[in-house]
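Hi there,

Here is the structure I promised to pass on to you. Have a look at it first, and then read my notes on what I found.

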Amino acid sequence: MAKGLIFLGAPGSGKGTQAVGLADTLAIPHISTGDMLRQAIADGTGLGNQAKGYMDRGELVPDQLILGLIEERLGHKDAKAGWILDGFPRNVNQAIFLDELLVNIGHRTHWVINLKVPDEVIVERLLARGRADDNEATIRNRLLVYTEQTAPLMAYYQEQGKLYSLDGNQPVEAIAASLEKLVKP
Ligand code: AMP
């Protein structure tokens, strides 16, 4: 059966780096809604135009812009063998939508990986990264949105027995090794 993995964790927790590496190791697609939205902005599409203001403010873009995008992406042929979701779901409504979608397409989530990193380390990392939405006000708002809307997903997936939390404040290779052990027993 297809291997389904979700990366949780605050912005700057290192989840993007780990998600890309693990997707490569497992030879399954890395699906980042943030990357898809940034691409839409770069292409000047309607979706990009609608999403940009929210992203600049560090808010979540409305669910109706995201849900169809994910449904379409998970329906691609390359996602048949599995997928790693990075940045989706971001709130409980998205998680419920995903669970229903996965039932319909005969997939399931195996693990939800949560990288734990202290707030001060996150702010330091994001300021160093220098992406368009990495200024201090937006970062502060993204952390708030994370705490209020995304962090509750830990309890949601804990209840499903799928949550795997690990210390994200260690060298990239050490985290990658733990993850490989988890997913390739
Ligand atoms: P990321 O690259 O995952 O940090 O996402 C960057 C920005 O894109 C976020 O701050 C949100 O504005 C938007 N975004 C990405 N994924 C989602 C999602 N699943 N739901 C709503 N907004 C999202």
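**What I found**

Let's start with Leu37: leaving aside neighbours within four places in sequence, Leu37 is in contact with Leu47, Ala51, Met55, Val61, Ile66 and Leu69. Please keep in mind as you read that this is a predicted model. Leu37 lies in helix H2. Is Leu37 buried or exposed? Its relative accessible area is 6%, and because the cut-off for buried is under 20%, Leu37 counts as buried. If you want to see how Leu37 sits relative to a residue much further along, try Tyr146: the two are 109 residues apart in sequence and 18 Å apart in space, C-alpha to C-alpha.

**Helices H2 and H3**

Leu37 also leads us to a helix pair. Helix H2 (residues 33-43) and helix H3 (residues 46-57) have axes that come within 8 Å and cross at roughly 115°. The crossing of H2 past H3 is left-handed. Which residues make the contact? On the H2 side they are Gly34, Leu37, Arg38, Ala40 and Ile41, and on the H3 side Leu47, Gly48, Ala51, Lys52 and Met55. Sorted by class, this contact between H2 and H3 has 6 nonpolar, 2 polar and 2 charged residues.

**Helices H4 and H5**

Now turn to another pair. Helix H4 (residues 63-74) packs with H5 at an angle of about 25°, and their axes are 11 Å apart. Since angles under 35 degrees count as roughly parallel, H4 is roughly parallel to H5. H4 passes H5 in a right-handed crossing. From H4, the residues Asp63, Ile66, Leu67, Ile70, Glu71 and Leu74 meet Asn93, Gln94, Phe97, Leu98, Leu101, Leu102 and Ile105 from H5. The contact of H4 with H5 is made up of 9 nonpolar, 2 polar and 2 charged residues.

One of the H4 residues is worth a click: Leu74. With a relative accessible area of 3%, Leu74 is buried. What does Leu74 touch? Setting aside neighbours within four places in sequence, Leu74 is in contact with Ile31, Ala79, Trp83, Leu85, Leu98, Leu101, Leu102 and Ile105. You can also check its distance to Gly106: Leu74 and Gly106 are 32 residues apart in sequence, and their C-alpha atoms are 11 Å apart in space.

On H5 you will find Val103. Is Val103 buried or exposed? Val103 has 64% relative accessibility, so it counts as exposed. The C-alpha atoms of Val103 and Asn141 are separated by 34 Å, with the two residues 38 apart along the chain.

**Some loops to visit**

Several loop residues caught my eye too.

- **Ala27** is in the loop between helix H1 (15-26) and strand S2 (30-32). Ala27 has a positive phi of about 55°, although it is not a glycine. At 66% relative accessibility, Ala27 is exposed.
- **Pro89** is in the loop between strand S3 (82-86) and H5. The peptide bond that joins Phe88 and Pro89 is cis, with an omega of about -5°.
- **His110** is in the loop between helix H5 (92-105) and strand S4 (111-116). Its relative accessible area is 18%, so His110 is buried. The His110 side chain makes a polar contact with the side chain of Arg108, at 3.3 Å. Not counting residues up to four places away in sequence, His110 touches Ala2, Lys3, Gly4 and Lys162.
- **Asp133** is in the loop between helix H6 (119-129) and helix H7 (136-150). Asp133 has a relative accessible area of 9%, which means that it is buried. Its side chain makes a polar contact with the side chain of Arg131, at 2.9 Å. Asp133 also touches Met55, Thr138, Ile139 and Arg142, again not counting residues up to four places away in sequence.

If you would like a route through the model, begin with Leu37 in helix H2, go on to where H4 meets H5, and finish at Asp133 in the loop between H6 and H7.

Enjoy exploring, and write back with any questions!

Best wishes

Notes: Residues numbered from 1 in each chain as written. Predicted model: local features only at pLDDT ≥ 70, side-chain atom pairs only at ≥ 80, totals over all residues. Heavy atoms only, no water. Helix = DSSP H or I, 4+ residues; strand = E, 2+ residues; numbered from the N terminus. Buried < 20%, exposed > 50% of the residue type's maximum accessible area, 1.4 Å probe, protein only. Polar contact = N/O pair within 3.5 Å; in protein donor to acceptor, adjacent residues only side chain to side chain. Contact = heavy atoms within 4.5 Å. Axes fitted to C-alpha atoms, helices over the stretch in contact; angles between N-to-C directions. Parallel < 35°, antiparallel > 145°, perpendicular 65-115°, else oblique. Left-handed = near helix turned anticlockwise from the far one by under 90°. Nonpolar A, V, L, I, M, F, W, Y, C, P; charged D, E, K, R; others polar.
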